[in-house]
Amino acid sequence: MSRLDRYRDKRDFDATPEPQAGESSGNGRSFVVQKHDATRLHYDFRLEHEGALWSWAVTRGPADDPREKRLAVRTEDHPLDYAGFEGVIPKGNYGAGTVMLWDRGSWEPLDEDPGAALAAGKLKFRLSGERMHGGWTLVRMKGRARDRGRENWLLIKERDDQAGDDPEGLTTRHLTSIESGRDLDAIAAGAKAAMRPEDDGRSAPHEDGGASPERKGAAPGFVAPQLATLREEAPEGDDWWQEPKFDGYRCLLSLGADGPRAFSRNGHDWSDRFAPLIGPARAIPCDTALIDGEVTAGDGNGDFSTLQKALGEGGALSFYAFDLLHLDGEDLQAQPLEQRREALDALLGELPGDGAIRLSPYIMGSAEEVLTHLCGAGAEGIICKRADAPYRSGRSADWIKVKCVKSAEFVIGGWSPSDKPGRPFASLLLGSFESGRLVYRGRVGTGFGAETMRDLAARMKPLARKTSPFDEVPKDQARGARWITPALVAQIRYAELTGEGRVRHGVFQGLREDKSPDEVTAAQEMAVERGDAASDELSLRGIDISSADRVVYPGPALTKGGVARYYDAVADRMLEHAADRPVALVRMPSGLDGQRFFQRHAGKGFPDAIGSVRLTEASGKEADYITLPNAQALLGAVQMGTLEFHIHGARNDRLDRPDRLVFDLDPDEGLGFDEVRRAAREVGNLVQKLGLACAPMVTGGKGVHVVVPLRRVAGWETLRGFAQAVAQGFERRAPDRYTATMSKTRRKGRIFIDWLRNDTAATAISPYSLRARPGAPVAVPVTWDELDDLDRANGFSVKAAVARAHEPCPLLAAAKGAPGLSEATLDALEDWLEESA
């Protein structure tokens, strides 16, 4: 019997677009996750093994929080071709609904024989995907009668550097396809975007593309466009205004008696490529004009890869007009921008605001505020323009571009072969022309869909050559490479350029057909990276903070430099709590909208100031944890993109004897802060009744920590048992208000007393730590009287927290002479528990 017989038996391939189950062989290690909006929304998790895909339906989707155990129901094995399936399974078919390619990559089994491990009921593996990373485990649950033959497993994230602390973070951050960029609704709509004359002012072009009878004048010829100069900082002053930077193709739209024409930035006639714009251009009320602008996909919210897809499929386009160079026979280039813009507004002001041709908005005022707002809204960046300057072809300091994300064009000079079946190449080798030499800029191996890879392979094939076109390539990256004539230009997003000028964490977005290879240079990008163009370096206590002007908290804006200055200001007080103990970091190098890393172990490139301490975890394994011996270490962590610091319950010199205990009061979404205050008071009163000291801390999130400083006399087992008993005692006394169980269903309308923070490798947010949440709230210890007057747990701003750090700390006051978990304390707890029984 074939592994795929069940797959075939369940499907009618005349009625479903799913791939038929052809037999395959091989030892590939790919994985794929498909978001599946069937009878119930779920995520299909598939691992390639011996020519087919092991498959599970994960009911709530994967979670990178190790505390979450997600139900994964084993389903029939699927063919390898299914890993590329995205579309709609018609109603009436098995699994009817919309299928999205949500993640994919490779997996590495951590068992010598993964087949045997699966049969035994526990499969451990490591994922290298676009969204899922690090160690994971699948564990089979014991069968029950009510399972009705279903094979239920649990999908669990391992505690490693790729783990997070938000149970829903993975599924709420990533809502679109890794292949097409579409969400479920767009995939369900199915058909390619059509051009209909009646839709939102987007009229279709005339069949013959002929002349407009209303226009008599000759259309203006092409003018080389004005280009912006890249800077890390936006200019200051009232003589500048700001426009959004679009991630599209530059276009000059020429209107005259012969009909509209669309020119690329190099003067090529791209009227055929921009055909959806030609019809609407006929409606512009003038005789002749030359309009400068940017072409984007759809309504302008997509990135360059979305535009590439729209152009390939005949999708809808938008033209954002931002300058007017000629109008009705008059050359306007010598006029100041503000006058040209006034004429442009008058020309296009009557067109539909959501039509295919529309005005690009501009904003007067602080460039920094505009940048923060637009970056927070997911924009590409801003273009700052001097309002009194004429139009000048070529690059000019009158136009300054500041990017929210780093992207640039690079020339493709070769490719590295792939060892994966069906994958034409593993990565592209990139370069830029500097003084006539093609300088190697590194490799990019992500961002390709299957169709894109095939197209690129076909384009590169006739460009093959025997010798490297680069000036010099590192031997390890040149080994096995295939070289091509440098004729293709790629748009690449990346995290940074290294000191050697190499792309780091690059993502392919598409080919730039509007730029010739010989005009591609990385000189501006390198100048910005080095700080030559505009310095954004900051040094505090001997620690250099790079990219200090990068906004990490949008609205109100707080830059990476601002984060560093905050931790510098509170370092002495914060380290009284956080120094010389194991620490976990929440790193978000790209800011709140970027990827989140929960990191306990120092990684490559961490500053030397950051220390390490060996900790024995609950499993018995030893691991080196991050520790912060001083302010330099604290700021070194900030340099690595850290926003939050979570501290361990014991100091480095006695890791077996905790010196603090935390009751984390975590309210259900529907509860007000008055209920949290009341709970904190009740827990605090009990702790004091038992003979211990304590102080409340608002966490900067929703809840309150009741922190109990301890003399180091008891071990972890005693501490954990004490915390659990207190939580369960409150649950027994007031089951309608409290729960000691993490389950969300048990939390409904209740406060979860999280006692799990008190374990060998557990951590809790540090006093005076920022939180990685909008508004940059801070976790701050308060007095009991102050707590009564607070209306929320996230009310302390950076400014307020700095002021508090220079005042007496209630938690340090409680720690002076604090007792430990003595026999008398445990006896008192037992008496209280008997009262509540």
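How far apart do the C-alpha centres of domain 4 and domain 5 lie? In this predicted model, the separation of the two centres is 34 Å. Domain 4 covers residues 407-524 and domain 5 covers residues 543-648 in the domain assignment of the chain. The same assignment lists domain 1 (4-189), domain 3 (247-359) and domain 6 (660-831). Domain 2 is given as two segments, 226-245 and 362-404.

Strand pairing was examined along the chain, beginning with β7, β8 and β9. Strand β7 (residues 122-129) and strand β8 (residues 133-140) run antiparallel and are joined by 7 bridges. These two strands form a hairpin, with 3 residues between them. Within this pair, L127 has G134 of β8 as its bridge partner. Strand β8 also pairs with strand β9 (residues 152-157), in the antiparallel sense and over 5 bridges. Here the bridge partner of V139 is L154 in β9.

A second set of strands makes up an open sheet of 5 strands, ordered β10-β20-β19-β11-β18, in which the pairing is mixed. Strands β10 (226-230) and β18 (363-364) are the edge strands, and each of them pairs on one side only. Strand β11 (residues 240-244) runs antiparallel to β18, and 2 bridges join the two. In this pairing, Q242 stands opposite I363 of β18. Helix α7 (residues 337-348) lies across β11 and β19 (381-386), and its direction makes an angle of about 45° with β11.

Another open sheet contains 6 strands in the order β41-β42-β38-β40-β39-β44, again with mixed pairing. Strands β41 (738-739) and β44 (780-781) stand at its edges; each has a single partner strand, so one side of each has no neighbour in the sheet. Inside this order, strand β39 (residues 695-698) pairs with strand β40 (residues 704-709) in the antiparallel sense, over 4 bridges. Residue A695 has V707 in β40 as its bridge partner.

Helix packing was examined around α12. Helix α12 (residues 560-578) packs with helix α13 (residues 631-639) at an angle of about 155°, and the axes are 9 Å apart. Because of this angle, α12 is roughly antiparallel to α13. The crossing of the two helices is right-handed. On the α12 side, the contact is made by K560, V563, A564, Y567, D568, A571, M574 and L575. Helix α13 contributes A631, L634, L635, V638 and Q639. By class, this contact has 10 nonpolar residues, 1 polar residue and 2 charged residues.

Helix α12 also meets helix α18 (residues 798-805), where the two axes come within 9 Å and cross at roughly 30°. At this angle α12 is therefore roughly parallel to α18. The crossing of α12 and α18 is left-handed. The residues of α12 that take part are Y566, A569, V570 and R573, and they meet V798, A801, V802, R804 and A805 in α18. This contact divides into 7 nonpolar and 2 charged residues, with no polar residues. Helix α12 is thus described by two packings, one roughly antiparallel, with α13, and one roughly parallel, with α18.

Technical notes. Residues numbered from 1 in each chain as written. Predicted model: local features only at pLDDT ≥ 70, side-chain atom pairs only at ≥ 80, totals over all residues. Heavy atoms only, no water. Axes fitted to C-alpha atoms, helices over the stretch in contact; angles between N-to-C directions. Parallel < 35°, antiparallel > 145°, perpendicular 65-115°, else oblique. Left-handed = near helix turned anticlockwise from the far one by under 90°. Contact = heavy atoms within 4.5 Å. Nonpolar A, V, L, I, M, F, W, Y, C, P; charged D, E, K, R; others polar. Domains from an automatic or database assignment. Pairing = 2+ DSSP bridges.
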